[in-house]
Amino acid sequence: QVQLAESGGGLVQAGGSLKLSCAASGGIFSINAMGWYRQAPGKQRELVATLTSSSSTNYSDSVKGRFTISRDNAKNTVYLQMNSLKPEDTAVYYCNAVVRTTRMVLDHAWGSGIQVTVSS
């Protein structure tokens, strides 16, 4: 079963930076796409950024120009560099991966989430 391990969250002041990492493991044949979503208290989970195997990216309008998604294919790891952070970026950030497993099944995996808090 595919597992996603997130790291890099924490507390930062407004205007600061954080870099999130998410490593995928377990029965992976190939990864179609990886991405980040977030959920703030009382709000629905929303897309932050995605990156496909063909290097196509998609960003939420709220993070364009501030966040950058990247990937290390050799490590099955996706990163989210977050700059110029704002208090409204405070949320639990979830990693997502669309994976073709070694059983040739398409699996949509989620990480357990990591807290990002931006103080004003």
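These legends walk through several close-up views of one predicted model. Residues are numbered from 1 along each chain as its sequence is written, and side-chain values use heavy atoms, with hydrogens and water left out. Because this is a predicted model, local features need pLDDT of at least 70 and side-chain atom pairs count only at pLDDT 80 or more, while totals for chains, interfaces and linings use all residues.

**View 1. Strand 1 sits beside strand 3.**
Strands here are DSSP runs (E, at least two residues), numbered from the N terminus. Strand 1 covers residues 3–7, with L4 and E6 on its covered face and Q3, A5 and S7 on the uncovered one. Its partner is strand 3 (residues 18–25): the two run antiparallel and are joined by five bridges. To count as a pair, two strands need at least two bridges found between them by DSSP. If you want one bridge to look for, try L4, whose partner in strand 3 is A24.

**View 2. S25 belongs to strand 3.**
Is S25, a residue of strand 3, buried or exposed? Neither, quite: its relative accessibility is 38%, so S25 counts as partly exposed. The scale calls a residue buried under 20% relative accessible area, exposed over 50% and partly exposed in between, using a 1.4 Å probe and protein chains only. Setting aside neighbours within four places in sequence, S25 is in contact with Q1, V2 and Q3. Contact means heavy atoms within 4.5 Å. As for M104, 79 residues away along the chain, its C-alpha atom is 15 Å from that of S25.

**View 3. Two hairpins share strand 5.**
Strand 4 (residues 28–39) and strand 5 (residues 46–52) run antiparallel, with six bridges joining them. One to pick out is M34, which has L51 as its bridge partner in strand 5. These two strands form a hairpin with six residues between them, and G42 in the turn has a positive phi of about 75 degrees. Next comes strand 6 (residues 57–59), which pairs with strand 5 in the antiparallel sense over three bridges. Here T50 has N58 as its bridge partner in strand 6. Strands 5 and 6 make a hairpin too, with four residues between them, and S55 in that turn has a positive phi of about 70 degrees.

**View 4. Y37 and W110 form an aromatic pair.**
Rings of Phe, Tyr and Trp (its six-membered ring) pair if their centres lie within 6.5 Å; planes under 30 degrees apart are stacked, over 60 edge-to-face and the rest tilted. By this rule there is one aromatic pair. The ring centres of Y37 and W110 are 5.1 Å apart and their planes are at 65 degrees, so the pair is edge-to-face. Y37 lies in strand 4 and W110 in strand 10 (residues 106–110), so the pair ties together parts that are 73 residues apart in sequence. W110 is partly exposed, with a relative accessible area of 39%.

**View 5. Strand 11 has two strand partners.**
Which way do the side chains of strand 11 (residues 114–119) point? They alternate: I114, V116 and V118 point to one face and are buried, whereas Q115, T117 and S119 point to the other and are not. Strand 11 pairs with strand 2 (residues 10–13) in the parallel sense over four bridges, and G10 stands opposite V116. Strand 9 is joined to strand 11 by three bridges and the two run antiparallel, with V92 standing opposite Q115.

**View 6. T101 is found in strand 9.**
Strand 9 covers residues 91–101, and T101 is part of it. With a relative accessible area of 13%, T101 is buried. Beyond its neighbours within four places in sequence, T101 is in contact with V2, G27, F29 and D107.

**View 7. D89 lies in a loop.**
Look for D89 in the loop between strand 8 (77–82) and strand 9. Its relative accessibility is 0%, so D89 counts as buried. Not counting residues up to four places away in sequence, D89 touches R38, R66, F67, S84, V116 and V118. D89 and V118 are 29 residues apart in sequence, with their C-alpha atoms 6.7 Å apart in space.
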